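I opened this notebook to record what I looked up in one structure. The entries follow the order in which I checked things.

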Amino acid sequence: ENVDLLKEKHEEELSREQSRSRRMHDMLSFLQDCFEDEAVLAKQIYRDLSVDQMRLESPTRAGYLTKQGGAVKSWKRRYFILRDNFLFYYKKSTKEPSPLGIIRLDNCVVEEEKGHVNKPHCFKIALQNQRTYFLCADRRLDMDIWISHIRGAEKWYNRPQLSIPTQRTSSVAQAQEDNTYFVP
């Protein structure tokens with residue numbers, strides 16, 4: 001009897017976990033279909049992307065790094081904020097209404113850069129089938145901390161205040177209006 005009861009409880013728990021997993025998969029598919037642009041998705045998740053607001057909301061890590069440009073390979077010092085699995089960068093650390101760029105860190109490879117860049121304390125963020133970002137810290141310790149935090153960044157969709165959509169919609173505007181995928 002006890003064995004049957006334990007088996008039944010285990011099957012119920014497994015069923016709930018499979019249901020949760022399906023809902024999570026549906027939510028992520030929904031968001032991937034609707035938000036191909038990181039800026040639009042980040043705006044929906046965090047609402048206010050100003051540097052001052054992002055700094056107030058306990059980011060995982062924040063500070064200055066030197067970033068290599070995309071098209072023009074010059075190096076610029078930028079203020080970075082790591083929040084969940086998004087890396088935001090700004091021109092400066094105050095009074096910036098929106099980020100210059102947003103790097104979504106899903107399935108990225110982060111490692112120390114040795115060889116490609118002739119600068120100390122550099123690391124790279126290689127996005128799956130996309131761009132590779134080259135960043136340099138002022139000190140080796142800072143570089144190691146940034147690498148560790150980026151590797152360990154929690155996915156924004158694992159946060160407890162996130163609700164899972166109950167139905168899919170093809171209209172981004174409708175989803176935004178209904179607010180079906182985010183509860184502030």
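Entry 1, a term and a strand. I call a residue buried when its relative accessible area is under 20%. The model I am reading is predicted. By that cut-off, strand S7 is mostly covered, with four of its five residues buried. I looked up the range of S7 as well, and the strand spans 132–136.

Entry 2, the whole chain. I noted five helices and seven strands. Read from the N terminus, the order of elements is α-α-α-β-β-β-β-β-β-β-α-α. The chain has 184 residues, and 39% of them are buried. I also looked at contacts between residues at least 6 apart in sequence, and 52% of these join residues at least 24 apart.

Entry 3, the partners of S7. Which way do S6 and S7 pair, and over how many bridges? I found them antiparallel, with five bridges. One of the residue pairs here is Phe 123 with Leu 135, the latter in S7. The hairpin of S6 and S7 has five residues between the strands, and in this hairpin Asn 129 has a positive phi near 55 degrees. Strand S1, residues 61–68, also runs antiparallel to S7 and is joined to it by two bridges. Thr 66 has Cys 136 of S7 as its bridge partner.

Entry 4, the disulfide. I found one disulfide in the structure. Which cysteines does it join? They are Cys 122 and Cys 136, with 1.8 Å from S to S. The link of Cys 122 and Cys 136 is right-handed, with 70 degrees about the S-S bond. Cys 122 belongs to strand S6 and Cys 136 to strand S7, so the bond ties together parts 14 residues apart in sequence. Both Cys 122 and Cys 136 are buried.

Entry 5, the nonpolar cores. The largest nonpolar core has 20 residues, and those touching the most other members are Leu 87, Leu 105, Phe 123, Ile 125, Trp 146 and Ile 150. I then asked which elements supply at least two residues each. They are strands S2 (75–83), S3 (86–90), S6 (122–126) and S7 (132–136), and helix H4 (140–151). H4 gives the largest share, four residues. I picked Leu 105 for a closer look. Setting aside neighbours within four places in sequence, Leu 105 is in contact with Leu 82, Asn 85, Phe 86, Leu 87, Ile 125 and Ile 150. Apart from the largest core lies another, of 17 residues, and I noted Met 27, Val 51, Ile 102 and Tyr 157 among them.

Entry 6, aromatic rings. I counted six aromatic pairs in the structure. One of them is Tyr 46 with Phe 88, which is edge-to-face, at 5.7 Å centre to centre and 80 degrees between the planes. This pair links distant parts of the chain, since Tyr 46 is in helix H2 (residues 38–46) and Phe 88 is in strand S3, 42 residues apart. Are these two rings buried or exposed? Tyr 46 has 5% relative accessibility and therefore counts as buried. Phe 88, at 0%, counts as buried too. Next I checked Phe 86 with Phe 88: the ring centres are 5.9 Å apart and the planes are at 25 degrees, so this pair is stacked. Phe 86 is buried, as is Phe 88. Tyr 46, Phe 86 and Phe 88 form one aromatic cluster.

Entry 7, helix H2. I listed the buried residues of H2, which are Glu 38, Leu 41, Ala 42, Gln 44, Ile 45 and Tyr 46. Arg 47, just after H2, takes a positive phi of about 70 degrees.

Entry 8, two charged residues. What does the charged end of Lys 119 sit over? It is the ring of Trp 75, whose centre is 5.2 Å away. The other residue I looked up is Arg 139, in the loop between S7 and H4. Arg 139 has a relative accessible area of 46%, so I entered Arg 139 as partly exposed. From Arg 139 to His 121 I noted 6.1 Å, C-alpha to C-alpha, with their positions 18 residues apart in sequence.

Conventions
Residues numbered from 1 in each chain as written. Predicted model: local features only at pLDDT ≥ 70, side-chain atom pairs only at ≥ 80, totals over all residues. Heavy atoms only, no water. Core = buried A, V, L, I, M, F, W, Y, C linked by side-chain atoms within 4.5 Å. Buried < 20%, exposed > 50% of the residue type's maximum accessible area, 1.4 Å probe, protein only. Contact = heavy atoms within 4.5 Å. Disulfide = S-S within 2.5 Å. Phe/Tyr/Trp six-rings, centres within 6.5 Å; stacked < 30°, edge-to-face > 60°. Lys NZ or Arg CZ within 6 Å of the ring centre and 35° of its normal. Pairing = 2+ DSSP bridges.
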